[in-house]
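Subject: Structure handover

Hello,

Please find the structure below. My notes on it follow, with each term explained where it first comes up.

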Amino acid sequence: KKQEEQKKTEKKVSIGGQAVLEGVMMRGKSSMATAVRDADGIIRLEAKRINPTEKKNIFWRLPIIRGVVSFVSSLFGGMKVLMRSAEVYGEEEPSKLEKWLSEKFKVNVFSIISGLSVLLGVFLAIFLFMWLPQTVRVGLEKLFDNSFGLWAKNFIEGGLKLLIFILYILFCTCIKDVRRTFMYHGAEHKTISCFEKGMCLTVENAKTCKRVHDRCGTTFMVFVMVISILTFAVFESIVGESVQGILRVGCKILLLPLVAGLSYELLKALAKTNCWVFYPLKVPGLLLQRITTKEPTDDMLEVAITAFNKVVEMDADQSIPECEFVLPEKRKNLTERISKILAENGITESAEAEWIVSLTLDIKRSEVYTENLVTPKYIEMVEQVVSQRITGKPLWYCVGDTDFYGYKIKVDQRVLIPRPETEILVAKALPLLNQNSKVLDLCTGSGAIAIALNKESGANVTASDISEDALYLANENAKLNDANVNFIRSNLFESLPQIRYDVIVSNPPYIRTSDLEGLQSEVKNFEPMLALDGGNDGLFFYREISKKCRDFLKENGVIMLEIGYDQAYDVIQLFSDFTSVEVIKDYDGNDRIIKAVL
C-alpha cells in the first residue's frame with residue numbers, strides 16, 4: 001500500500017541539468033537557469049528563455065534527429081554554460097594579443113576561446129575513444145594472427161573504449177575542482193529525484209534521495225559506446241574490413257550522429273519505465289554514475305534547488321523576465337560606469353563616484369582606478385548606494401556613515417550630516433581640555449563633536465539633544481568609537497542637572513526659516529528640519545543659550561558656538577558681557593566660530 005501511495009505522488013519531469021563550476025544548470029521546456037555560489041558565498045542566478053521543443057520545426061523533433069540535435073546542443077551549449085559560470089569568479093587581465101584581436105577584428109575573444117575548447121575536447125575524444133582503441137585492436141589482431149571474428153573485434157574495441165572512459169573519469173576525480181563538480185552533479189540528480197518523488201523540495205528532503213538518475217549524461221555515454229559497437233559492426237559487415245586507419249576513424253565520426261540519436265532514444269525510453277525487465281540495461285550507466293557523482297554538501301544542494309525552482313517558475317509563467325549574473329568588474333570600470341550613471345541623473349561632481357566606490361570597498365580614493373576586481377557582492381552594494389543617490393538623497397546618508405575628525409560617524413535622516421567646518425570647532429576646543437575637564441555639547445545630533453572631544457582629550461563629556469531618535473544614533477556612534485559620553489535628552493539646558501562645565505560647545509540650528517526653502521534639495525528634502533531651522537532670524541537658539549549658559553559655566557569657562565557666515569556681529573552682541581569674545585574663521589575665510597570666555 002505504501003509503494004502504491006508513493007507511485008501516486010511520483011511525477012516525471014522533463015527538466016535536466018548539468019554541473020558547472022561551483023554550481024548547477026537546470027534546463028526545462030522553455031527556460032534554463034544556472035545557479036552558482038560565488039567567492040563571497042552568495043548564490044548567483046542567471047536565467048534565460050529557450051525555444052520550446054514543440055515550437056521547433058517538425059523535422060528537428062523526429063526520432064533520432066532530435067537526439068542528434070540534443071547531442072550537439074549539449075556539447076556546445078554545455079561548454080558555454082561552463083565558461084559562463086567561470087566568469088562569476090572573474091577573469092584575468094586579457095593579454096596584448098586578446099586586446100588586439102578584440103579591437104582589430106571586433107570579435108569576442110572569450111567566445112573564440114570557448115569554441116576552441118570545444119574543438120580541443122572533440123579532438124581529444126576522437127583520439128582517446130576512436131583512434132587509440134582502434135590502434136590497440138589492430139595491434140592485438142597482429143599479435144594473435146587475425147584470429148578474431150568481426151563481432152569479436154568490435155567488442156574488443158568497444159571494451160577498450162569503455163575501459164579508457166572509466167580510467168579517464170577516475171583520473172579526473174583526482175583533480176580537486178573536478179571532484180567538486182561531481183559533487184554538484186550529485187546535487188543536480190538529488191534535486192530532480194526529490195521533485196519527481198513528490199517531496200517538498202528542501203535540502204533535508206533532497207539529501208535522502210539517490211544521486212544516480214536514469215536520464216544522466218553518464219548513462220547516455222555508456223549507451224553511445226555500446227551502440228557504437230553494434231552500429232560499426234553492422235557497418236563493417238556491409239562494407240567489409242577493407243576500411244582501415246584514418247578512413248575508418250572518419251567513418252566512425254560520420255556514424256556518430258546516428259549513434260547519438262539512437263542512444264538518446266534509448267535513454268528517453270528507459271527513463272519512462274521502472275520495469276525490472278529493463279533494469280539490466282540501466283545498470284552499467286547507474287554504476288558508472290557512482291564515479292561521476294559524489295555526495296554533495298548542504299550548500300551545494302541549496303544551489304541546485306535554486307536553479308531548479310527558477311526553471312519551474314519560468315516554465316509556469318512566461319511573463320517572468322530573464323536575469324543575468326552580476327559579474328566581477330574592475331575598480332576602474334566600475335568607477336567610470338557609476339560616474340556615467342550619476343551624470344545621467346544630474347550629479348556631475350566626478351568625486352562622488354570615487355567616494356561611493358572607495359567608501360563601499362573601504363579603500364583609498366586614489367585606488368578606485370586600479371585593475372583590481374570587485375566581487376559581485378560589493379558591486380551590488382555600490383549600485384544600491386547609487387540607486388539611493390540618484391533620488392537626491394545626500395551621499396553620506398546613502399553610504400551610511402561619514403568621517404569626522406578621523407572617527408567614523410553613522411548618519412541617516414535622524415541627524416544632520418557633520419560638515420568639515422565643524423571640525424574647526426573641535427580643533428579650537430581641544431587645547432582648552434584635559435582629562436579632568438567637564439564638557440557639555442548642546443544639540444549633539446549624531447554625537448560627532450562629543451565623541452571627538454572625548455576621544456582626543458579624555459575629558460568628561462555630556463551631550464544633549466531634544467530628539468530621542470538623534471540620541472539613539474549618537475549612542476550607537478559612541479559605542480562604535482568606544483567613546484565615553486553621557487547622553488541626556490533635553491531641550492537645551494531644560495532637563496540638564498545643575499553642573500558647572502569648563503567648556504560648552506554647540507552647533508545649533510541657525511538657518512533662517514525663510515531661507516529653508518532655498519536650500520539645496522538634498523538638504524531640505526532629507527536632512528531634519530529640527531536641526532536646521534533657527535527661527536525667523538536664525539538666532540533663536542543663540543538667544544536661548546546666551547540666557548542660560550552662565551548658570552552652567554565655571555568661572556573663566558568657555559562657550560564655543562558654530563554660526564552662519566553672516567551672524568557673527570549679532571551673536572557677539574548676545575555675549576557682550578563676557579570677559580572676551582573671539583571670532584574664528586573657516587577654511588574659506590568666513591566667520592564660523594564664536595569663542596566667548598566668561
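Which residues of the largest nonpolar core touch the most other members? They are Leu 453, Val 505 and Met 560, in a core of 39 residues. A nonpolar core here is a set of buried Ala, Val, Leu, Ile, Met, Phe, Trp, Tyr and Cys residues joined through side-chain atoms within 4.5 Å. Buried means under 20% relative accessible area, exposed means over 50%, and partly exposed is in between (1.4 Å probe, protein chains only).

Before the rest, two notes on the source. This is a predicted model, in which local features need pLDDT of at least 70 and side-chain atom pairs count only at pLDDT 80 or more, while totals for chains, interfaces and linings use all residues. Residues are numbered from 1 along each chain as its sequence is written, and side-chain values use heavy atoms, with hydrogens and water left out.

Back to the cores. Helix 17 (residues 448-457) gives the largest share of the core described above, six residues. Helices (H or I, at least four residues) and strands (E, at least two) are DSSP runs, numbered from the N terminus. A second, separate core has 27 residues, including Ile 15, Ala 47, Tyr 184 and Ile 305. Contact means heavy atoms within 4.5 Å. Not counting residues up to four places away in sequence, Val 505 touches Leu 425, Ala 429, Val 439, Leu 440, Asp 441, Leu 442, Ile 449, Leu 453 and Met 560.

Next, a pair of helices. The axes of helix 2 (residues 65-87) and helix 9 (residues 245-271) come within 7 Å and cross at roughly 105°. Axes are lines fitted to C-alpha atoms, for helices over the stretch in contact, and angles run from 0 to 180 degrees between N-to-C directions. That crossing makes helix 2 roughly perpendicular to helix 9 (under 35 degrees counts as roughly parallel, over 145 as roughly antiparallel, 65 to 115 as roughly perpendicular and the rest as oblique). On the helix 2 side, the contact includes Arg 66 and Phe 71; on the helix 9 side, Leu 256 and Tyr 264 are among the residues met.

Just before helix 2, the loop from strand 4 (43-49) holds Ile 64. Phi of Ile 64 is near 75°, a positive value in a residue other than glycine. With a relative accessible area of 28%, Ile 64 is partly exposed.

Helix 13 (residues 350-361) includes Leu 361. Nine of the 12 residues in helix 13 are buried. The buried residues of helix 13 pack against helix 12 (331-344), strand 6 (373-374), helix 14 (376-389) and helix 15 (395-399). Leu 361 counts as buried, at 18% relative accessibility. Leaving out residues up to four places away in sequence, Leu 361 touches Arg 331, Val 374 and Tyr 378.

What is the phi of Asp 362, just after helix 13? The value is positive, about 60°, although Asp 362 is not a glycine. Asp 362 is found in the loop between helix 13 and strand 6, and is exposed, with a relative accessible area of 69%.

Last, Ile 499 is in the loop between strand 11 (485-489) and strand 12 (501-506). Its relative accessible area is 30%, so Ile 499 is partly exposed. Apart from neighbours within four places in sequence, Ile 499 is in contact with Lys 438 and Phe 552.

Regards
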